[in-house]
Amino acid sequence: MGQQHITKKTGSERKISFETFADLFYSETNMKYLENVVSKINNGTAILKEHNIIEV
């Protein structure tokens, strides 16, 4: 399956040849969570703990 075949298939299907998705980091739920965390850090009520970095 060469590049020409992929191009023809993409052109005939009238869509891009890769999937796209929404970035969940910017979801309304996550933004509210992050705002809450920042608020706790700013007013001194956050409980911050050191942890080991896990290699993947």
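About 6,000 Å² of accessible surface is found on this protein, and carbon and sulfur atoms account for 57% of that area. The model is a predicted one, so the values here are computed from its atoms under the rule that local features need pLDDT of at least 70. The fold itself is quick to list: two helices and zero strands. As for burial, the share of buried residues among the 56 residues of the protein is 0%.

Helix α2 takes in residues 28-43, which makes 16 residues. Does its length fit what a helix of that many residues should span, and what are the figures to set side by side? At 1.5 Å a residue the expected span is 22 Å, and the C-alpha atoms at the two ends turn out to be 23 Å apart, so the two figures agree. Just past the end of α2 comes glycine 44, whose phi is positive, at about 80°.Helix α2 also holds the one salt bridge of the structure. Its partners are the side chains of glutamate 28 and lysine 32, which meet at 3.2 Å, N to O. Side chains of opposite charge can pair when their charged atoms come close. Both residues sit in α2, four residues apart, and that is about one turn of the helix. An α-helix has 3.6 residues a turn, so residues three or four places apart point the same way. Glutamate 28 and lysine 32 are both exposed.

Ahead of α2, the loop that links it to α1 (3-13) contains phenylalanine 25. This residue belongs to the one aromatic pair in the structure. Its partner is tyrosine 26, and the arrangement is edge-to-face, with 5.1 Å from centre to centre and 85° between the planes. Phenylalanine 25 has a relative accessible area of 44%, so it is classed as partly exposed. Tyrosine 26, on the other hand, reaches 57% relative accessibility and therefore counts as exposed.

Which residues does methionine 31 touch, once its neighbours within four places in sequence are left aside? The answer is Phe25 and Tyr26, the two members of the aromatic pair. Methionine 31 itself is placed in helix α2, and its relative accessible area of 31% makes it partly exposed. Phe25, Tyr26 and Met31 also make up a nonpolar surface patch of about 330 Å².

Further along α2 lies isoleucine 41. With 43% relative accessibility, isoleucine 41 counts as partly exposed. Setting aside neighbours within four places in sequence, isoleucine 41 is in contact with Ala46 and Leu48.

Conventions
Residues are numbered from 1 along each chain as its sequence is written. Side-chain values use heavy atoms; hydrogens and water are left out. The expected span of a helix is 1.5 Å times one less than its number of residues. Patches are made of residues with over 30% relative accessible area and no salt bridge: like charges are joined within 9 Å, nonpolar side chains (Val, Leu, Ile, Met, Phe, Trp, Tyr) within 5 Å. Accessible areas come from the Shrake-Rupley method with a 1.4 Å probe; for residues, only the protein chains shown count as cover. A salt bridge is a side-chain nitrogen of Lys or Arg within 4 Å of a carboxyl oxygen of Asp or Glu. Buried means under 20% relative accessible area, exposed over 50%, partly exposed in between (1.4 Å probe, protein chains only). Rings of Phe, Tyr and Trp (its six-membered ring) pair if their centres lie within 6.5 Å; planes under 30 degrees apart count as stacked, over 60 as edge-to-face and the rest as tilted. Contact means heavy atoms within 4.5 Å.
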